[in-house]
Amino acid sequence: MKTAVITDTTAYLAKKTIEELKINTIPLSVNFSDGTYREGMDLTTEAFYQKLEEEEALPTTSQPAIGEFVELFDRLEQEGYTDVVCIHLSAKISGTLQTALSAGEMKEKLNVYGFDSEISCSPQGFYVRSAAKLALEGSSGADILTYLEKQKQQVRAYFMVHDLNHLRRGGRLSGAQAVFGSLLQIKPILHFEEGQIMPFEKVRTEKKALNRMLDLLFDDLKNGHVNEIAVIHANRPEGAENLKVKIQDAYPEANVEISYFGPVIGTHLGPSSLGIGWC
């Protein structure tokens, strides 16, 4: 039994983590007027947000081609892997998981398991790290999938966007909700519900939205054991650092990392977005 773990670049894992846990990644892409850029390969996050400011038209995103998965599966098969666990961003916002499973159907010697994270970014990374650690310990793909389904009940994530129009124009939030938010200058707290981006609460100001997200985290910190906390930002490092400081001031022992909304997710959320995810 030898199990490999695959994810896509929207998990935004640190290079060190990817190397240490032997995680395989497949890039998604951002399409600007001058061409297509593979996330994390052809375009850095910093360069993306700079380009986003300069471009008039909103970029689009695209999932990997099936051939990229087939090529990776071929290599893993040659390296002696028997099982593959594919963990991808929500199937409600991207066809990446379905593409991985379609590629897996072409492989007779590999057992390919798909897990819909029903989310993205750092919370997706929580699942990937768990799966990779189990794989290194010798767990089968089926056993890892069972573990991840249990872990899904423990993952929380909330975020706030600076401008709802990015979500509206990208088709990831209904137009009525976006117009309502912009007209009333609402800063809604958003979350993933059954794999879709949905409003969680409508809050009047950014400060109140951020404080509400902190309250939700603090409730879980008070009532139970929180293993991982990620503060996530879209080209807003100071805002993320401020949230991290507030968390650690209240709970000095909390394990808090700062992550980011990279090009693909940043296309839909827009700059200055902030979020908190935990497990």
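1. Ser 272 is located in the loop that joins α11 (263-269) to β13 (274-278). In this predicted model, phi of Ser 272 is near 75 degrees, which is a positive value in a residue that is not glycine. Ser 272 has a relative accessibility of 23% and therefore counts as partly exposed, since that class begins where the buried class, under 20%, ends.

2. A second residue deserves attention for its backbone. Glu 194 is not a glycine, yet its phi is positive, at about 50 degrees. Glu 194 belongs to the loop between β9 and β10 (196-201). Is Glu 194 buried or exposed? Its relative accessibility is 62%, so Glu 194 counts as exposed, the cut-off for that class being over 50%.

3. The strand β9 (residues 189-193) contains His 191. With a relative accessible area of 13%, His 191 is buried, because the value falls under 20%. The side chain of His 191 forms a polar contact with the side chain of Glu 193, at 3.4 Å.

4. Which residues does His 191 touch, if those up to four places away in sequence are not counted? One group consists of Ala 157, Tyr 158 and Phe 159. The others are Gln 196, Ile 197, Met 198, Pro 199 and Phe 200. These five fall within the range given for β10 (196-201), so the reader may follow β9 and β10 together in the structure when examining His 191.

5. Turning to the protein as a whole, the secondary structure consists of eleven helices and 13 strands. Of the contacts between residues at least 6 apart in sequence, 74% join residues that are at least 24 apart.

6. The overall dimensions may be considered next. The C-alpha atoms fill a box of roughly 55 × 50 × 30 Å along the principal axes. Why may the radius of gyration be said to agree with that of a compact globule? For 279 residues, such a globule would have a value near 19 Å, and the protein has 19 Å.

7. Burial and surface complete the description of the fold. Of the 279 residues, 52% count as buried; His 191 is one of the buried residues. The accessible surface of the protein comes to about 13200 Å², and carbon and sulfur atoms account for 46% of this surface.

8. Finally, the charges may be noted. The protein carries 28 positive and 38 negative charges, and the mean positions of these two sets are 4 Å apart.

Methods: Residues numbered from 1 in each chain as written. Predicted model: local features only at pLDDT ≥ 70, side-chain atom pairs only at ≥ 80, totals over all residues. Heavy atoms only, no water. Helix = DSSP H or I, 4+ residues; strand = E, 2+ residues; numbered from the N terminus. Rg over C-alpha atoms; globule rule 2.2 N^0.38 Å. Buried < 20%, exposed > 50% of the residue type's maximum accessible area, 1.4 Å probe, protein only. Contact = heavy atoms within 4.5 Å. Areas by Shrake-Rupley, 256 points an atom, 1.4 Å probe, with all protein chains shown as cover. Lys, Arg positive; Asp, Glu negative; His and termini not counted. Charge placed at Lys NZ, Arg CZ, Asp CG, Glu CD. Polar contact = N/O pair within 3.5 Å; in protein donor to acceptor, adjacent residues only side chain to side chain.
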